[in-house]
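Please look through the sequence and the structure shown here before reading the report that follows. The sections take up strand pairing, the interior, the loops and the confidence of the model in turn.

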Amino acid sequence: MTIDYAIITTGGHQHRVRSGDTISVQTQKGEVGEKVTFNDVLLTHINGETIVGLPYVIGGSVTGEIISHDKGKKVISLRYKNKTRHRVKTGHRQPFSSIAITDITKGKNASRKKVKVNNGS
């Protein structure tokens, strides 16, 4: 038995996902319960066959359902200048969406074209 998975990219991050996984990604448009599709699939491994994209797998997609929109833990930043009693303390909570992965579509392998290289000779 093989474990089917895909590697997707969203929000500048790459995630390895399987059906049934729950991932946290940067906030996605849509309401809770809506379907969301990720078309930027870098790699799929389904039924023992691995397909690597150039850079993306043609026709590959990952479908999920938005579970919730939330905010992460607070990150505190502090600026301090010595000898002047100058301190600035700020906090930030990054919003994110929790998504349950429901389906992975395999796609097809892209063909590589052979290119002749001219070395100047």
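## Strands 1 and 2 and the open sheet

In this predicted model, strand 1 (residues 5–10) and strand 2 run antiparallel and are joined by 5 bridges, and within the protein Ile7 stands opposite Arg16 in strand 2. An open sheet of 4 strands has the order 2-1-5-6, and its pairing is antiparallel. Strand 2 (13–17) and strand 6 stand at the edges of this sheet, where each has a single partner strand, so one side of each is left without a neighbour in the sheet. On average, and with direction ignored, neighbouring strands of this sheet are turned by 15° against each other.

## Pairings of strand 10

Strand 10 is joined to strand 3 by 5 bridges, the two running antiparallel, and strand 10 also pairs with strand 7 in the antiparallel sense, over 10 bridges. Ser98 in strand 10 appears in both sets of opposed residues, since Ser24 stands opposite Ser98 and Ser68 likewise stands opposite Ser98.

## The nonpolar core

The largest nonpolar core has 16 residues, and those with the most contacts inside it are Ile8, Val17, Ile23, Val62 and Ile99. At least two residues of this core are supplied by each of strand 1, strand 3, strand 4, strand 5 (41–46), strand 7 (61–71) and strand 10 (95–105), and strand 10 gives the most, with 3 residues. In soluble globular proteins, nonpolar side chains tend to be buried together.

Val62 illustrates the surroundings of one such residue: leaving aside its neighbours within four places in sequence, Val62 is in contact with Ala6, Ile8, Val17, Val36, Thr37, Phe38, Val41, Ile101, Asp103 and Ile104. Ile8 and Val17, which are among these contacts of Val62, are themselves among the residues with the most contacts inside the core.

## A buried loop residue

Gln28 lies in the loop between strand 3 (22–26) and strand 4 (35–38). With a relative accessibility of 18%, Gln28 falls under the 20% cut-off and therefore counts as buried. When its neighbours within four places in sequence are left aside, the residues in contact with Gln28 are Thr10, Val36, Phe38, His69, Ser97 and Ile99; Val36 and Phe38 are also among the contacts of Val62.

## Backbone features in the loops

The loop between strand 5 and strand 6 contains Asn47, whose phi is near 55°, a positive value in a residue other than glycine. Asn47 has a relative accessible area of 63% and is exposed. Lys83, in the loop between strand 8 (75–81) and strand 9, likewise is not a glycine and yet has a positive phi, of about 70°; at 83% relative accessibility, Lys83 counts as exposed.

A further backbone feature concerns Pro55, which lies in the loop between strand 6 and strand 7: the peptide bond from Leu54 to Pro55 is cis, with omega near -5°.

## Confidence of the prediction

The mean pLDDT of the protein is 90, and 90% of its residues reach 70 or more. Confidence is lowest in strand 6 (residues 49–52), at a mean of 89, and highest in strand 9 (residues 86–92), at 97. As a matter of reading such models, where pLDDT is low, the predicted coordinates should not be read in detail.

How values were computed. Residues numbered from 1 in each chain as written. Predicted model: local features only at pLDDT ≥ 70, side-chain atom pairs only at ≥ 80, totals over all residues. Heavy atoms only, no water. pLDDT = per-residue confidence, 0-100. Pairing = 2+ DSSP bridges. Axes fitted to C-alpha atoms, helices over the stretch in contact; angles between N-to-C directions. Buried < 20%, exposed > 50% of the residue type's maximum accessible area, 1.4 Å probe, protein only. Contact = heavy atoms within 4.5 Å. Core = buried A, V, L, I, M, F, W, Y, C linked by side-chain atoms within 4.5 Å.
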